[in-house]
Structures are given as structure tokens and as C-alpha cells.
Amino acid sequence: MFNKTRTLLVALVVVFVSGCVSKNLVTKLDEFPEMYNEKPRSLLIMPPINLSTAADAKDYYATTVEMPIAFQGYYTFPYELTSEILKQEGIYDAELVYDMPLNKFHEYFGADAVLFTKILKWDTSYLVIASSLTVSIEAEIKSTKTSSTLWKYTGTVVVDLSGGNNGGGLAGLIVGAIATAVNTAAADYTRYARQANSQFVGTVPVGPYHPLYLKDQKFQILQQASENNSAN
């Protein structure tokens with residue numbers, strides 16, 4: 001009986017682990033070969049496309065993209081400046097040029113590629129004694145030479161904003177509800193946007209101003225291509 005029970009437990013563990021490791025690991029070179037073929041040096045960061053229901057998500061997120069990409073070894077054009085120039089040209093939303101030829105961005109700015117980001121979800125779930133923030137981001141680097149996609153990634157971060165379990169029956173529930181309300185109201189949404197960024201920035205093949213330039217081709221990441229093809 002013991003041996004049968006142990007065998008069943010082992011089988012359940014294998015199934016559970018297999019379910020957790022549902023995505024394949026691939027190298028950066030295999031996943032994003034065009035980044036290594038074109039070797040972009042400069043990226044123009046477009047204003048985020050907000051597809052979420054949170055009207056202020058775009059403002060929170062916009063300020064968190066430039067620095068991580070710069071640390072990844074690319075020259076990034078100052079976001080505030082380029083955003084203002086785009087507005088003067090009547091481009092208030094990156095969605096207006098997402099499917100258009102991007103060669104003008106090389107002509108006007110000298111950019112080798114353009115980074116588009118989409119805020120797919122920016123949802124706060126509030127249940128009195130528990131709340132959470134879910135941020136889903138889709139990011140894509142497109143060539144200004146061919147307008148083709150060089151790199152693409154989708155990531156989600158879920159942040160617990162709850163007040164924690166304080167115990168103590170009804171009094172504890174009241175304290176927990178108050179703490180949750182305070183945490184939700186005072187949440188630093190910009191910090192959480194950075195957390196979402198950290199997931200995708202690490203998958204970008206590093207640029208020419210990074211010490212690992214062209215040396216990270218065999219670095220392994222979670223496969224994205226199949227997920228993106230099925231989801232989009």
C-alpha cells in the first residue's frame with residue numbers, strides 16, 4: 001500500500017512540475033535572430049499604446065522605459081523630447097504609425113529601430129481585505145529599414161497590495177481592510193511598471209554599448225514566439 005501511495009505521489013509531482021515548465025527555453029539568437037542580423041544601435045521609444053481600462057496607465061508607464069533600454073546598451077532618444085516632437089507632427093498615439101512604414105523615423109531622428117509598447121492590462125482588484133494590481137505589457141522592436149519585427153515580448157506582473165493577515169477575528173479583519181485600502185491608495189504604480197519592464201528588458205539582445213554585445217547569443221530565455229503567434 002505504501003509503495004502504491006508513494007508511486008502515486010511521485011506521479012503527481014511529475015505532472016505538477018511538467019505543468020509549471022510548460023514553456024520551452026530557447027537562446028536569444030534562436031528567438032530573435034534579426035536583432036543580431038540588423039544590429040540596431042539606436043532605439044526611438046514611442047509613447048505607449050494604452051489598451052487597458054486605466055486612463056492614467058500610459059502616464060505611469062511612459063517614464064519607466066527609457067532607462068532600462070539604455071542600460072541594455074542602446075542609444076535612446078530622450079523620451080520627453082521625442083514625444084513632444086511627435087505631438088507637433090500630430091502623432092499623439094503610437095497606434096497611428098504602428099502599421100505604417102517606419103523609414104521616416106530613421107530620416108528624422110536617425111533611429112535604427114523603434115520600440116513600441118502596449119499596455120494590455122492595468123487592473124486593480126479590490127476585495128476589502130485583499131487587493132492586487134495586474135500589469136500586462138507587450139513590447140516590440142521594429143526596424144526602420146524594413147518595418148519588420150526584430151524582437152517581441154509579452155509579460156505580466158501581479159502585485160499583492162493586501163494588508164496582510166493580522167488575525168484577531170473581527171478586529172483583525174478591520175485592521176486588514178484598512179491596511180489594504182491604504183496600500184491600494186498609496187501604491188507606487190511607477191515602481192510596478194518597472195517590475196513589468198524588468199521581465200522583458202532582460203530578453204532584449206544587448207546593444208553595442210554593453211560589455212556583452214554579441215556575446216549573449218547563447219543566453220537562454222523563455223520562448224515567446226509560439227505564445228505570441230497564438231495570442232495575437
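Asp216 is the residue I would like to start with, because at 0% relative accessibility it falls under the 20% limit and counts as buried. Please keep in mind throughout that what we have on the screen is a predicted model. Now, Asp216 carries a carboxyl group that has a partner, since its side chain forms a salt bridge with Lys28, in which the closest N and O atoms are 3.3 Å apart. The two residues come from distant parts of the chain, with Asp216 in the loop between helix H9, residues 189–201, and strand E8, residues 220–222, while Lys28 belongs to helix H2, residues 28–31, and the separation along the chain is 188 residues. Lys28 has a relative accessible area of 4%, and because this is under 20%, Lys28 is buried as well. In general terms, side chains of opposite charge can pair when their charged atoms come close.

How many salt bridges are there by this rule? The count comes to 3, and I will take the other pairs in turn.

Another pair joins Lys118 and Glu138, whose side chains meet in a salt bridge with an N to O distance of 3.8 Å. This pair, too, links distant parts of the chain, with Lys118 in strand E5, which covers residues 113–126, and Glu138 in strand E6, at a separation of 20 residues. Are Lys118 and Glu138 buried or exposed? Lys118 has a relative accessible area of 17%, which is under the 20% limit, and therefore it is buried, and Glu138, at 5%, counts as buried too.

The remaining pair I want to show is Glu107 with Lys104, where the side chains meet in a salt bridge at 3.4 Å, N to O. Both of these residues lie in helix H7, 3 residues apart, which is about one turn of the helix. As for their accessibility, Glu107 reaches 51% and, because the limit for exposed is over 50%, it counts as exposed, whereas Lys104 is partly exposed, with a relative accessible area of 39%.

Lys104 also takes us to the largest pocket, since it is one of the residues that line it, together with Ile85, Leu86, Glu89, Ile91, Val97, Met100, Pro101, Phe105, Tyr108 and Phe109. The elements that give two or more residues to this lining are helix H6, residues 79–88, and helix H7, residues 103–109, and it is H7 that gives the most, with 4 residues. About 190 Å³ of space lies in this pocket. If we sort the lining by class, we find 9 nonpolar residues, no polar ones and 2 charged ones.

Turning from the pocket to the enclosed space, which residues line the largest cavity? They are Met35, Tyr36, Lys39, Pro40, Tyr74, Pro205, Val206, Gly207, Tyr213 and Leu214. By class, this lining divides into 8 nonpolar, 1 polar and 1 charged. The volume of the largest cavity is about 60 Å³, and the count of cavities of 30 Å³ or more comes to 1.

Lys39, which is among the residues of that cavity lining, deserves a closer look for its backbone, as its phi is near 55 degrees, a positive value in a residue other than glycine. Lys39 is found in the loop between helix H3, residues 33–38, and strand E2, residues 42–45, and at 37% relative accessibility it counts as partly exposed, because that value lies between the limits of 20% and 50%.

Ser147 is a further residue other than glycine with a positive phi, here near 65 degrees. Its place is in the loop between strand E6, residues 131–143, and strand E7, residues 149–160. Ser147 is partly exposed, with a relative accessible area of 24%.

Let me finish with the protein as a whole, where we count 10 helices and 8 strands. Of the 232 residues in the protein, 42% are buried. Among the contacts with a separation of 6 or more, residues 24 or more positions apart account for 72%. The accessible surface comes to about 12800 Å², and 59% of it belongs to carbon and sulfur atoms. To return to where I began, the pair of Asp216 and Lys28 is one that spans distant parts of the chain, with their positions 188 residues apart in the numbering.

Methods
Residues are numbered from 1 along each chain as its sequence is written. This is a predicted model: local features need pLDDT of at least 70, side-chain atom pairs count only at pLDDT 80 or more; totals for chains, interfaces and linings use all residues. Side-chain values use heavy atoms; hydrogens and water are left out. On a 1 Å grid over the protein atoms alone, a cavity is a set of points where a 1.4 Å probe fits but cannot get out, and a pocket is an open set with protein on both sides within 12 Å along at least five of seven lines; lining residues have an atom within 4 Å of a point. Grid points are joined across faces, edges and corners, and a volume is the space filled by probe spheres set on the points. Ala, Val, Leu, Ile, Met, Phe, Trp, Tyr, Cys and Pro count as nonpolar, Asp, Glu, Lys and Arg as charged, and the others, Gly among them, as polar. Buried means under 20% relative accessible area, exposed over 50%, partly exposed in between (1.4 Å probe, protein chains only). Contact means heavy atoms within 4.5 Å. Accessible areas come from the Shrake-Rupley method with a 1.4 Å probe; for residues, only the protein chains shown count as cover. A salt bridge is a side-chain nitrogen of Lys or Arg within 4 Å of a carboxyl oxygen of Asp or Glu.
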